[in-house]
Each structure stands twice: as structure tokens, then as C-alpha cells.
Amino acid sequence: MTNPNGHYGSQGAQSASIGGSEATAQYGPPAGAQANTGAPPHHGEGSPLPSTRRSRRHLEQAPGSGPGAGSGAGPAVSPAPARGPRRSSVQAPDSGRPPAGPGQPNSAPTRIVSPDGERVREKPAGGVSGYFAIVGAIVLLLAAVLMGIIGFVMSFAQVAVGVVLFVIAVLCFIASMFLFRGCTSVAPGHAVVLQLYGKYVGTVRQSGLRFVNPFYTKDQISTRIRNHETSTLKVNDLDGNPIEIGAVVVWQVRDTAQAMFEVDDFEEFVAIQAETAVRHIANSYAYDSSDPHRMSLRDNADEITSRLSDEVAARVMAAGVTVIESRITQLAYAPEIARAMLQRQQATAVVAARQLIVEGAVGMVETAIEEIEGRQIVRLGQSERSDLVSNLMIVLCGDQAAQPTISTTRNQQSAS
């Protein structure tokens, strides 16, 4: 059960269960929900709670409450049934959602529901082709003008037929105005919402000239695909780092009745809810993460945009709008920490590069020693092997080119 604020559980059910019949619900129930009228709650359909008489009988038969209980002096007085605690045992249904882990928000985003239960839905209106109506209106208008002139001239000649023609001309003019008023043009990618004195009648989606009831009020709504680009928003990510993020949302009006009657201004509604969804997504994930099992805004762009589309679609569903696609167009650290974060990224990259260089250098040194000893080029002692390893590691891991130095100490010792 969902209350109008979008939270799970029922505030009205809890207040009715604690306060008895005097507690009433503060909000009207959504569509398909049972109204909280303060009546005693039920365990299920057709299974009411035990009555007060049955509770009293149970208490009278309980041990220690009969006539022979205790010292046996005086009649046993059955305690009064507790009202509040027994009624409060019925709890509101839980949402049943597991708690979300770090970097993993709830799979079902919050859906905005109208307090009235989303009663208005689009339905087709019975409009017909307006070309015959426009031709008939033109013919009636010309006939009204002609008969009006003839009747006006004959009325000056004091002929009774002139007055009749003049009256018929006025009626034809009124009929032509009604026909003109009933004609409406529907452009491709647009729809016309019809109302009769405040009551929704239907929607005309067929393009071209259509004829409807002249008393209908006609409002035109565009059903074309639109883009909404959010401004650059400054928010904090999951780690608390300020970032700048922006997104573009591609949307289209799906239900013209909801867009017209469920919200005040559906374009402004989509703009505000899109920014709200972008802020929520940015707060739910970190900008960058070294943990491969943790989603981040920079490394998991496809998954984040999918979550963003679901979030925006759930928020704008009340306005009869469908989200086609949403993309993050701008993502960067805020200027005040951009320099520090750039240094951190550079340090991380340097450490990763050094680690790769060291691993490669160790493999090269090992291969060199194995090749030298395997081919029996020279016999290396422990000290000579350590010197060779040290020299090769310095040469391979150094940032600059090594300057070789030729040692002649061994040659001088052999000559002496």
C-alpha cells in the first residue's frame, strides 16, 4: 500500500489501529487501496478480529482468574479488556525491499502518485472529417448574406416575405458560425484535448481538419519528441566530494489527459523531476572508485545512464510522459578540488605504471641470469649475481637513460 507521499506503509492504517474508531486517515487512499475509515482492522478478507465478548470469555477462563484461584476469598473480578494494545498489534505491511548496499541504490525508484488516484486517462474522441463541415459553413454563410440582403430590401417594400427571409438569414448565419467553431485543425505530432464545461471528453490525434461538438473547449498539446538539458548541477557524490554533473533527457507525451489534468505544467514538471533524479543518482554513486565491485559515475557510464532513465521515468509517470533516453553530458570535479583530485589521479597512474615496470624488470633480470648461466658464458658467484641484479634493476627502472661505467679493477689485478 502506498500513501500519497510515495512512502511505503500506511499512516492511516497505523493511526486507525492505535486510536480505535476515533482515528481517521489524513489522506485519501490511492487507486486500488482500501480506505482507512477507522473501522477495526482485519487479518484478511472475511476474517475479522475476535470480538470483545470472546476476549472477555477467554480472560474469564484464564488460570488465576476463576472463582477458586488465589485464596478463594471473594468473587473473581475479570479484568477489563485492553483496547489500545490489542488494536495496535496489527502492523502496516512492510515494503519487502532488501536494504541497499553501498553504491547500489534501490532497484525500484520512487514513483510519484497523484493523491486522487490517477483518475483521468486518455481516450479517443469521436471526431469526424471537417471538410464537409467547412463547405457547409461557407454555403450557409453565403446563403445568409444573400437572403439577408433580399429580406432587407423586401422589408422596405413592406412585404411580409422579407421579414421571413431576414429571420432565416440570421438562423443560417448562426448555424454557419457553429460549424466554423466545431472545425479544428490537428497538425502532425500534435493532439487536441476536448472538454465540455470542465469535463474531459476525449483526445483527437488524427491529423487534418476535424469536426467536433462546437461547445467543446479545445486545447492543443504537442506529442513530438523533446529534449530537456539540465543545467550544470553542483552536488556531492557518495564519498562527499563536490562534483559538477549535467544530463539530457529525451521525452515524449504519452497520455495527453494526464499531462493536461494530473499536473499543473507538465513541461516544468519534467524539468524539475529530471534535475531531482540527476541529483539523486549523483548522490548514490562515487565519482571514481578503485574497487572493481563498486559502481562509479566515471567507470560505469552505461549502468548509471540506465538507472537515470528508470529514475526519471518513474518520477514523470504521473504526468503521462515517457522517457526515451537519458544521458550524462557533463561530469567533472568541482573547481575547488579539481587540482587535488587531478594530483591524486596522476599519483595513482604513476604508481600503477611503476608497478608494471617493476614486474617487467624483474622478469627481464631473471631471464638474463638464466640465459647467462644456461649458456655457460661466465660463472657468477653470489656477489657478482647481486651486483648484476642491482645494475639491471637500476637501468630498467630508471626514468633517464643510464650512463655506463667500465670497470678496470679486475684487469689491473690480473696484470699484477
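In this predicted model, strand 3 (residues 128-129) runs antiparallel to strand 7 (residues 208-211), and the two are joined by 2 bridges. Ser129 has Arg210 of strand 7 as its bridge partner. Strand 7 is also paired in the antiparallel sense with strand 4 (residues 183-186), here through 4 bridges. Arg210 appears again in this pairing, as the bridge partner of Thr184, while Leu209 of strand 7 stands opposite Ser185.

Taken together, these 3 strands make an open antiparallel sheet in the order 3-7-4. Strand 3 and strand 4 each have a single partner strand, so at these edges one side of each strand lacks a neighbour in the sheet. Two helices accompany the sheet. Helix 5 (residues 160-182) packs on the sheet and touches strand 4 and strand 7, with its direction at about 20° to that of strand 4. Helix 4 (residues 131-156) lies across strand 3, strand 4 and strand 7, at about 70° to strand 7.

Turning to helix 7 (residues 266-284), its 19 residues should span 27 Å at 1.5 Å a residue, and this agrees with the 27 Å between its end C-alpha atoms. Its buried residues include Phe266, Phe269, Val270, Ile281 and Ser284.

Helix 8 (residues 301-315) likewise comes close to expectation: its 15 residues reach 21 Å from first to last C-alpha, against an expected 21 Å at 1.5 Å a residue. Among its buried residues are Ile304, Leu308 and Val312, along with Glu311 and Arg315. The buried residues of helix 8 pack against helix 7, strand 11 (242-253) and strand 12 (321-333).

Definitions and conventions
Residues are numbered from 1 along each chain as its sequence is written. This is a predicted model: local features need pLDDT of at least 70, side-chain atom pairs count only at pLDDT 80 or more; totals for chains, interfaces and linings use all residues. Side-chain values use heavy atoms; hydrogens and water are left out. The expected span of a helix is 1.5 Å times one less than its number of residues. Buried means under 20% relative accessible area, exposed over 50%, partly exposed in between (1.4 Å probe, protein chains only). Two strands pair if DSSP finds at least two bridges between them. Contact means heavy atoms within 4.5 Å. Axes are lines fitted to C-alpha atoms, for helices over the stretch in contact, and angles run from 0 to 180 degrees between N-to-C directions.
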